[in-house]
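Biologist: Please take a close look at the part of this model where the two chains meet, and explain it for a first-year student.

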2 protein chains.
Amino acid sequence: MSIQHTVVFRLIHAPGSEEEREFLETGRRTLTQIPGVTDFAVRRQVSPKSDLRHQFTMVFADEDAYDAYNAHPAHVDFVARRWVPEVAAFQEYDFSN
Amino acid sequence: MSIQHTVVFRLIHAPGSEEEREFLETGRRTLTQIPGVTDFAVRRQVSPKSDLRHQFTMVFADEDAYDAYNAHPAHVDFVARRWVPEVAAFQEYDFSN
């Protein structure tokens, strides 16, 4: 059963800044190169009922593909080098139909 | 520009209960009858990093369609009669590409 993995987040960078653009683009480029990641998208969260402003979403064919992504060095490195220092707040949700 | 409106939530009902099934089915039946609601789905939230367990998701063609949905009597009535008494916690997010 496929799994849509999502994370909605707010950056420490100013909205519309070059730092924001570069973070989102690097996230896209880095994460889409990891095997098993499909249907990747960067989306804007626009409801005023949440102060989180971006979403990364991707689909894995199964739990094994999701586990492999989590353990992949490119993912672990992105989290350590970029996510932790540049993300002010986030929430993960995964969906399965 | 289309808007995906989502709400992720936890019910007061026991997981797998008849009350849960009936709430989700009534939500689907009620909300899909409102003009402007497209691509409606009920989804399971399966990440252990959130204690919210269900999601309603729908797509509106534009802000006017979304506003009309919010004000529609069938939506207002569902919120008052079912959502408020039966939903223990929730978070809304809206996405626009």
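Modeller: Two residues are in contact if their C-beta atoms, placed from the backbone, lie within 7 Å. By that rule, 16 residues of chain B are in contact with 16 residues of chain A. The model is predicted, so local features need pLDDT of at least 70 and side-chain atom pairs count only at pLDDT 80 or more, while totals for chains, interfaces and linings use all residues. Residues are numbered from 1 along each chain as its sequence is written, and chains are lettered from A and ligands numbered from 1 in the order in which they are written.

On the side of chain B that touches chain A, the elements giving two or more residues are strand 2 and strand 4 (87–96) of chain B; strands (E, at least two residues) are DSSP runs, numbered from the N terminus. Strand 4 of chain B gives the most, with six residues.

Strand 4 of chain A pairs across the chains with strand 2 (residues 38–45) of chain B: the two run antiparallel, joined by two bridges, and strands pair if DSSP finds at least two bridges between them. Here F95(A) stands opposite Q45(B). Within chain A, strand 4 (residues 87–96) also runs antiparallel to strand 1 (residues 3–11), with eight bridges joining them, and T6(A) stands opposite Y93(A).

Conventions
Helices (H or I, at least four residues) and strands (E, at least two) are DSSP runs, numbered from the N terminus.
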